[in-house]
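Visitor: Before we look, I would like to ask how each label is justified, setting every value against its cut-off.
Guide: Please go ahead, and I will answer term by term.

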Amino acid sequence: MLVCALCAFFVATFMIKLEAAELAAKIKEAVKTEIERGIRRPGLAAVRVGDDPASAVYVRNKIQACEAVGIRSEHHALPESTSTAELLELIATLNARDDVDGILTQLPLPAHVSETAIIEAIDPAKDVDGFHPVNAGRLAMGRPVFVPCTPAGIMELLDDRGIEIRGTNACVVGRSQIVGRPMAQLLLQRDATVTICHSRTRDLAAVTRTADLLVVAIGRAGLIGREHIKPGATVIDVGMNRVSDPDEVRSLFGAEAEKRLEIVAKRGATLVGDVNPSEAGEVARMLTPVPGGVGLLTVAMLMKNTLRAAKLRRA
Ligand code: NAP
């Protein structure tokens, strides 16, 4: 009992926050340097449909990152009423243009637009999000070209911090096309023993508690608590949820709640991952913070993928 208490104290005291700002800056700096050294300026076209405020922020961040690294960018902000046919027409134009190396369609699209049709219409050679079936298939076969930016960024973070992947028990919670599935493929290719969980998994905690490396991409604020985490595990929190209820903020942030409550008072909500940071702090060895973790790497990897697309198209 005393040993357990000491272990908990040790882990809680020494839990490492896997901040990603420095690595994201390093990745973007490398892209910038390569562009400055003479490759013809890469071009990225971002397509957004409707007025979803979160999508508007994500696209703005991506455009700002393009400016910072020297990628030419264009933002096609289309009205909510845009039809699948109209969007397909725009994608066809962007596919045909030589000065556009990468095309991204910010998801989710409005319900009346066929997301599948749009994703499949993008030229796989310009699919810098890595969502096209050709790129998903290549990844599944172990011959990736464009890997979805969020899981690709997580792999960079694990490597940057020297976190062991080979032979470890890795668990990915979530099986979306943009995070969970490609994440599991990448870990498998690096010789982890991978389990994928989802909303139908029986006794989620019993499965996740076996993981040395736990990647969580669910979309439910703080769902993963102390009972889901193996003592000493590395936990990667992909979730991005907005929480405004002060009681919920207190239960998620414990001693650090005051800072977050100030943010709620100022902005109406605070950004929270899928992991309860205060409970995870009692058991995990490492945890990515939200914000300041995975999200920063997603944008950096988009820059890297766009540079790659430009190089491959001109090779
Ligand atoms: P998604 O498409 O909605 O997928 C969510 C996954 O979680 C599904 O596979 C779902 O299972 C599973 N799930 C839902 N409830 C569950 C539960 N109670 N127990 C176990 N599994 C459960 O979401 P996503 O696009 O992958 O995004 C997930 C989160 O990551 C969101 O918060 C999103 O905002 C965030 N995100 C962040 C970044 C970043 O850059 N940081 C990038 C992308 C996404 P089923 O398949 O059975 O429905």
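Visitor: Why is cysteine 197 called buried or exposed?
Guide: Its relative accessibility is 1%, and buried means under 20% relative accessible area, exposed over 50% and partly exposed in between, with a 1.4 Å probe and protein chains only, so cysteine 197 counts as buried. This is a predicted model, in which local features need pLDDT of at least 70 and side-chain atom pairs count only at pLDDT 80 or more, while totals for chains, interfaces and linings use all residues. Residues are numbered from 1 along each chain as its sequence is written, and side-chain values use heavy atoms, leaving out hydrogens and water.

Visitor: How do you know whether cysteine 197 is in a disulfide?
Guide: A disulfide is a pair of cysteine sulfur atoms within 2.5 Å, and the nearest cysteine sulfur to cysteine 197, that of cysteine 171, is 3.6 Å away, so cysteine 197 is in no disulfide. A search of the whole structure finds 0 disulfides; cysteine 66, for instance, has its nearest cysteine sulfur, that of cysteine 149, 11 Å away, and cysteine 66 is buried at a relative accessible area of 0%.

Visitor: What makes the approach of serine 176 to the ligand a polar contact?
Guide: A polar contact is a pair of N or O atoms within 3.5 Å, and an N or O atom in the side chain of serine 176 is 2.6 Å from a ligand oxygen, so the pair qualifies. In the side chain of arginine 175, an N or O atom is 2.7 Å from an oxygen of the ligand, which also meets the cut-off.

Methods
Polar contact = N/O pair within 3.5 Å; in protein donor to acceptor, adjacent residues only side chain to side chain.
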